[in-house]
Amino acid sequence: MGRGKIEIKRIENSSNRQVTYSKRKNGILKKAKEISVLCDAQVSLIIFGASGKMHEYITPSTTLIDILDRYQRASGKTLWDAKHENLSNEIDRIKKENDSMQIQLRHLKGEDITSLTYKELMALENALDKGLNGIREKKGKILEEENKELNFLLQQHMALEGARNMHGQWI
């Protein structure tokens, strides 16, 4: 005895809808795996439920990018262009650079240095020395400027005092 046909329309009862979604999702994921194995087909299946949760299956011998590239070539539909690919590569490069800078910053703070080689430790010491010398130079220039300003103010003050003394003698 076969199953009865159902009318394909939205299930109004949310509990029944969720149960049906779960069963059919598992069924279609199983079928995707089966067709991939039995027929040596490349399969990519992505399901977004009403809650926004994603479920996916991709044939283990391929990647989603490969499948999408094949789809784009076969259908003639442009999913992304070279500009987007370049932006994606640039984002990856910047992320790697940021990770590297985070590691360098931790090393400069004295963290995670036990894994460094002697050569790396020497380079770190040189960088710290260079930074310290730069700070000393800047501090020296600031002190020099402040000293010039104070000398100027002192000369003005002495000139005023001298003028007062001369003015007092005239009276």
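# Helix α1, its neighbours and two pockets

Q: Which residues of α1 are called buried, and what makes them so?
A: K25, L29, A32 and S36 are the buried ones in α1. The label means that a residue has under 20% relative accessible area, with a 1.4 Å probe and protein chains only, so K25, L29, A32 and S36 each come in under that cut-off. One thing to know early: this is a predicted model, where local features need pLDDT of at least 70, side-chain atom pairs count only at pLDDT 80 or more, and totals for chains, interfaces and linings use all residues. Residues are numbered from 1 along each chain as its sequence is written, and side-chain values use heavy atoms, leaving out hydrogens and water.

Q: What do the buried residues of α1 pack against?
A: They pack against β1 (44–48) and β2 (54–58), where packing rests on contact, or heavy atoms within 4.5 Å. The helix and strand names follow DSSP runs numbered from the N terminus: H or I over at least four residues for a helix, E over at least two for a strand.

Q: How do you know that the length of α1 fits its number of residues?
A: The expected span is 1.5 Å times one less than the number of residues. For the 26 residues of α1 that gives 38 Å, and the end C-alpha atoms sit 36 Å apart, so the two agree.

Q: What sits at the start of α1, and what comes just after it?
A: At the start, a side-chain oxygen of N13 comes to within 2.9 Å of the backbone nitrogen of S15. Just after α1, D40 has a positive phi of about 55°.

Q: Why is H107 called buried or exposed?
A: H107 has a relative accessible area of 15%, so it counts as buried. It belongs to helix α3 (residues 82–108). Leaving aside residues up to four places away in sequence, H107 touches D112, I113, L116 and L124.

Q: What makes R17 a lining residue of the second largest pocket?
A: R17 is one of the residues lining that pocket, so it has an atom within 4 Å of a pocket point; a pocket is an open set on a 1 Å grid where a 1.4 Å probe fits, with protein on both sides within 12 Å along at least five of seven lines. Helix α1 (residues 14–39) gives the most to this lining, with 5 residues. The space inside is about 180 Å³.

Q: How much space lies in the largest pocket, and which residues line it?
A: About 220 Å³ lies there, and the lining includes I6, E7, R17 and Y21.

Conventions
Grid points are joined across faces, edges and corners, and a volume is the space filled by probe spheres set on the points. Buried means under 20% relative accessible area, exposed over 50%, partly exposed in between (1.4 Å probe, protein chains only). A polar contact is a pair of N or O atoms within 3.5 Å; within protein, one must be able to donate a hydrogen and the other to accept it, and residues adjacent in sequence count only if both atoms are side-chain atoms.
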